[in-house]
Amino acid sequence: MAKVLWTQKQDIGPAPRIFPAMTFDATRERAVLFGGQTADGTPMADTWTWDGSDWTQVADTGPDARALNALAYDRVREQVVLFGGSDNTNLVGDTWAWDGTDWTQL
């Protein structure tokens, strides 16, 4: 059986977390990661992109901190859509769109 080797590409990027959301933005050709929570249960509100080589934190404003939300790419609107999640309360119906630069609440 072949041995699989991992190579660290970068030592900067999103902090460790559980329950984040991630999708691929086909327009900008990047994976987008939002939120999640720390191991002690604190919700996070950061947005990161991965271009295949580098992580970049891209937004300072946008949705409130949350975990367990969903992200999907809307190819018609060429945006990433965030829905719901939990900030220790239920955020049902909370919807946001990411255009590659800014989050907009829908």
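**View 1. Trp55, a partly exposed residue with a relative accessible area of 22%, and its aromatic partner Trp48.** The terms for exposure follow relative accessible area, where buried means under 20%, exposed means over 50% and partly exposed covers the values in between, computed with a 1.4 Å probe and with protein chains only. The model is a predicted one, in which local features need pLDDT of at least 70 and side-chain atom pairs count only at pLDDT 80 or more, whereas totals for chains, interfaces and linings use all residues. Residues are numbered from 1 along each chain as its sequence is written, and side-chain values use heavy atoms, with hydrogens and water left out. Rings of Phe, Tyr and Trp (the six-membered ring for Trp) are taken as a pair if their centres lie within 6.5 Å, and the pair is called stacked for planes under 30 degrees apart, edge-to-face for planes over 60 and tilted for the rest. By this rule the count comes to four aromatic pairs. Trp48 and Trp55 make up an edge-to-face pair, with 6.5 Å from centre to centre and 85° between the planes. Trp48 counts as buried because its relative accessibility is 11%.

**View 2. The tilted ring pair of Trp98 and Trp103.** The centres of these two rings are 5.4 Å apart and their planes stand at 45°, so the pair falls in the tilted class. Trp98 is buried, its relative accessible area being 1%, and Trp103 is likewise buried, at 9%. Phe34 joins Trp98 and Trp103 in a cluster that is linked by ring pairs.

**View 3. Arg66 in the loop between β4 (55-59) and β5 (70-74).** Strands here are DSSP runs of E with at least two residues, helices are runs of H or I with at least four, and both are numbered from the N terminus. Arg66 counts as buried because its relative accessibility is 1%. Its side chain is joined to that of Asp94 by a polar contact of 2.5 Å; a polar contact is a pair of N or O atoms within 3.5 Å, where within protein one atom must be able to donate a hydrogen and the other to accept it, and where residues adjacent in sequence count only if both atoms are side-chain atoms. With residues up to four places away in sequence left out, Arg66 touches several others, among them Phe34, Pro43, Met44, Leu82, Leu91, Asp94 and Trp96, a contact being defined by heavy atoms within 4.5 Å.

**View 4. Gln37 in the loop between β2 and β3 (47-50).** Gln37 has a relative accessibility of 16% and therefore counts as buried. Not counting residues up to four places away in sequence, Gln37 touches Arg17, Ile18, Phe19, Thr42, Pro43, Met44 and Ala67. Pro43 and Met44 also appear among the residues that Arg66 touches.

**View 5. Thr104 in strand β8, which covers residues 103-105.** Thr104 is partly exposed, with a relative accessible area of 42%. Its C-alpha atom lies 8.4 Å from that of Pro63, although the two residues are 41 apart in sequence. Outside the range of four places in sequence, Thr104 touches Thr95, Trp96 and Ala97.

**View 6. Glu29 and Asn88, with positive phi values in residues other than glycine.** Glu29, in the loop between β1 (21-25) and β2 (30-34), has a phi near 55° and is exposed, with a relative accessible area of 56%. Asn88, in the loop between β6 (79-83) and β7 (95-98), has a phi of about 80° and counts as exposed because its relative accessibility is 62%.

**View 7. The chain as the setting of the close-ups, with eight strands and zero helices.** Taken along the principal axes, the box filled by the C-alpha atoms is roughly 45 × 35 × 30 Å. Of the 106 residues, 33% count as buried, and of the contacts between residues at least 6 apart in sequence, 36% join residues at least 24 apart. There are 8 positive and 15 negative side chains, and the centres of the two sets lie 8 Å apart; Lys and Arg count as positive, Asp and Glu as negative, and His and the chain ends are not counted, with each charge placed at NZ of Lys, CZ of Arg, CG of Asp or CD of Glu.
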